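Here are a few exercises to work through with the structure open beside you. Try each task before reading its solution.

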Amino acid sequence: MDNASRACLFLAALTLTLAGSARAADDAGYQLDDPQLQLATIDSSADESFFSVRADTLGRVFVGGRRSLFVYEPDEQGGYRPRRLLYQFPEHTWINDIAIRGDDLYLLTVSALYVMPGAATHGEGLQVRRLLWGVPLGHVHQCFHALAWGPEGDLYLSMGDPVVSYGDFSRPDHWCHWTFFSQPDDTPTPYSGVGGVFRCRPDGTRFQVVSRGMRNACGLAFDRHWNLFSNDNDHESIPDLYVPGRVLHVTPHAEFFWPRGWMVEKSPDRRDLLDTLFAGMGRAVPVGQACYDDDFLPEAYRNNLLIARWGIRAVTRYPLERRGASFRASERMLLSCQNDARPVGVCVGRGGRLFATIAYMAHNEGSPVYKSDLVMITRRDDPISHPFEAIDLVSAEPDRLWRELSKVSWSRRNA
C-alpha cells in the first residue's frame with residue numbers, strides 16, 4: 001500500500017471515530033442551541049463521578065471527581081489519549097475545583113485546599129500538601145467549592161454556608177463561628193458568618209476574607225478586566241424568600257445578606273441589598289462557572305459567563321453588560337441535556353474550545369457514585385485535528401510570555 005492510500009485510510013478512520021463521538025453525544029441526549037457548534041464525547045466512566053474540569057495551555061485536560069484526579073493528554077490525531085490517574089484521595093473527598101500554576105496543581109476539596117507540586121509534568125510519586133482547612137464539615141454540598149487566580153497572584157476560593165440543619169432563619173444568630181487554619185504554621189483565622197469568597201497567596205499565606213453573605217457559591221470566574229463573578233444556589237425549602245438562584249458580581253467587602261435577605265427583586269422595600277446580575281434563574285442548582293472571552297467561538301460568545309446548571313440540565317451563558325459600576329446579564333442556552341444527564345463543570349481550553357463534565361443523576365444525593373461524561377464543544381467547521389497553538393509557559397522565554405499578553409483570547413492572557 002502506498003503512502004497516499006495509507007493517508008486516506010487514516011483520515012477515513014479518524015472521521016469515523018469523531019463521527020462516532022458526535023453520535024454518542026446525540027444518543028446521550030445532548031443538544032447544542034447554536035447550529036454553528038458541534039459536540040464530541042471525550043470519555044465516559046460508569047463510576048468515577050467526574051465533577052471539576054480545567055485545561056492548560058498545552059491542551060491537557062484535568063478532571064476531578066469523588067476521589068480521583070485524572071489527566072487527558074492530546075494525541076497526534078486531534079483527540080485525547082485515555083485518562084490517566086494522577087492521584088487518589090479517600091472516598092467522598094470530592095475534588096470540587098482545580099487551578100493550575102506553572103507545573104503545580106491546586107485542588108480544592110470539600111474541606112481543604114491542597115497543592116500538588118509538579119503534578120502537571122510528573123505522573124508518578126505525586127504528593128499533596130495541605131494549605132488551608134477548618135471549614136465545618138456539615139454537608140458535602142455546602143463547603144469549599146471553586147478556585148480562580150486573581151490579578152495580584154492570589155488564589156480566590158468560594159465556600160457555602162455549612163449550617164444546613166438550622167432552619168429558623170428569622171433569628172439573628174444563624175451565623176456559625178469557626179476557625180480557618182492556613183500557612184505558615186497553621187495560622188488561625190477566626191470567622192463568623194455563612195458562605196463567602198476568600199483568598200490567599202499561592203503558598204497558603206495571607207488568608208483574607210473577600211466577601212460574605214452567600215448560601216452556596218459554587219462557581220468563580222474573572223473577566224478580562226479582573227471583575228469577579230460567582231453564582232449562588234437558592235434555598236428550595238423557603239422559595240418565597242430565597243428562590244430564584246442568583247448570578248453575582250463579587251467585589252471586596254461585599255455583603256450578599258444570606259440568610260437575612262436575598263435579592264432586590266424579592267424584597268423591593270430593602271435598600272441595603274445588592275443588585276443581582278440576573279434574577280431569572282428560577283429554582284437553581286448552579287455549579288461550575290467560567291468566563292469566555294476568546295476569539296475561537298462566534299462573536300456572540302465573547303465576554304460571556306458560562307454556568308453549568310445541574311438543576312435544569314443545561315450549560316447556560318450570560319453576555320455581560322455594564323450597569324453603572326456593576327453589570328447585568330440575560331440568559332441564553334448553550335448546551336441542553338435530557339433525562340438524567342446534568343452538567344456540573346465547564347472550562348475553556350485547547351485554543352478557545354469548551355469542556356464540560358456531565359453527571360448522570362436521577363435526583364439529588366449526598367456523595368453519589370454516578371455515570372459521567374467529559375465532552376468538548378467546538379465550532380461546526382473545526383477540522384478533525386482540532387488544531388491549536390500549544391505553549392509551555394514554564395519553559396517559555398520572556399519575549400514569548402510578553403507576546404502572550406497581547407493575545408486577543410482571554411484564556412491565553414490570563415494563563
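Rings of Phe, Tyr and Trp (its six-membered ring) form a pair if their centres lie within 6.5 Å, and planes over 60 degrees apart count as edge-to-face. Keep in mind that this model is predicted.

**Exercise 1.** Classify the ring pair of Tyr242 and Trp258, and place both residues in the chain.

*Solution.* Start with the overall picture: the structure holds 24 aromatic pairs. For Tyr242 and Trp258, the ring centres are 4.8 Å apart and the planes stand at 75°, so this pair is edge-to-face. Next, locate the partners: Tyr242 belongs to helix α2 (residues 239-242), while Trp258 lies in the loop between β19 (246-250) and β20 (286-292), 16 residues apart. Finally, check the accessibility, where buried means under 20%. Tyr242 has 5% and is therefore buried; Trp258, at 2%, is buried too.

**Exercise 2.** Find the edge strands of the open sheet that has the order β2-β27-β26-β25.

*Solution.* The four strands of this sheet pair in the antiparallel sense. β2 (37-45) and β25 (341-349) each have a single partner strand, so they stand at the edges, and one side of each lacks a neighbour in the sheet. On average, neighbouring strands are turned by 25° against each other, direction ignored. Now follow β25 to β26 (residues 353-360): eight bridges join these two strands, and Pro343 has Ile358 of β26 as its bridge partner.

**Exercise 3.** Decide which stretch to read with caution.

*Solution.* The mean pLDDT of the protein is 90, but over residues 3-26 pLDDT stays under 50. Where pLDDT is low, predicted coordinates should not be read in detail.

Conventions. Residues are numbered from 1 along each chain as its sequence is written. This is a predicted model: local features need pLDDT of at least 70, side-chain atom pairs count only at pLDDT 80 or more; totals for chains, interfaces and linings use all residues. Side-chain values use heavy atoms; hydrogens and water are left out. pLDDT is the predictor's confidence in each residue, from 0 to 100. Contact means heavy atoms within 4.5 Å. Two strands pair if DSSP finds at least two bridges between them. Axes are lines fitted to C-alpha atoms, for helices over the stretch in contact, and angles run from 0 to 180 degrees between N-to-C directions. Rings of Phe, Tyr and Trp (its six-membered ring) pair if their centres lie within 6.5 Å; planes under 30 degrees apart count as stacked, over 60 as edge-to-face and the rest as tilted. Buried means under 20% relative accessible area, exposed over 50%, partly exposed in between (1.4 Å probe, protein chains only).
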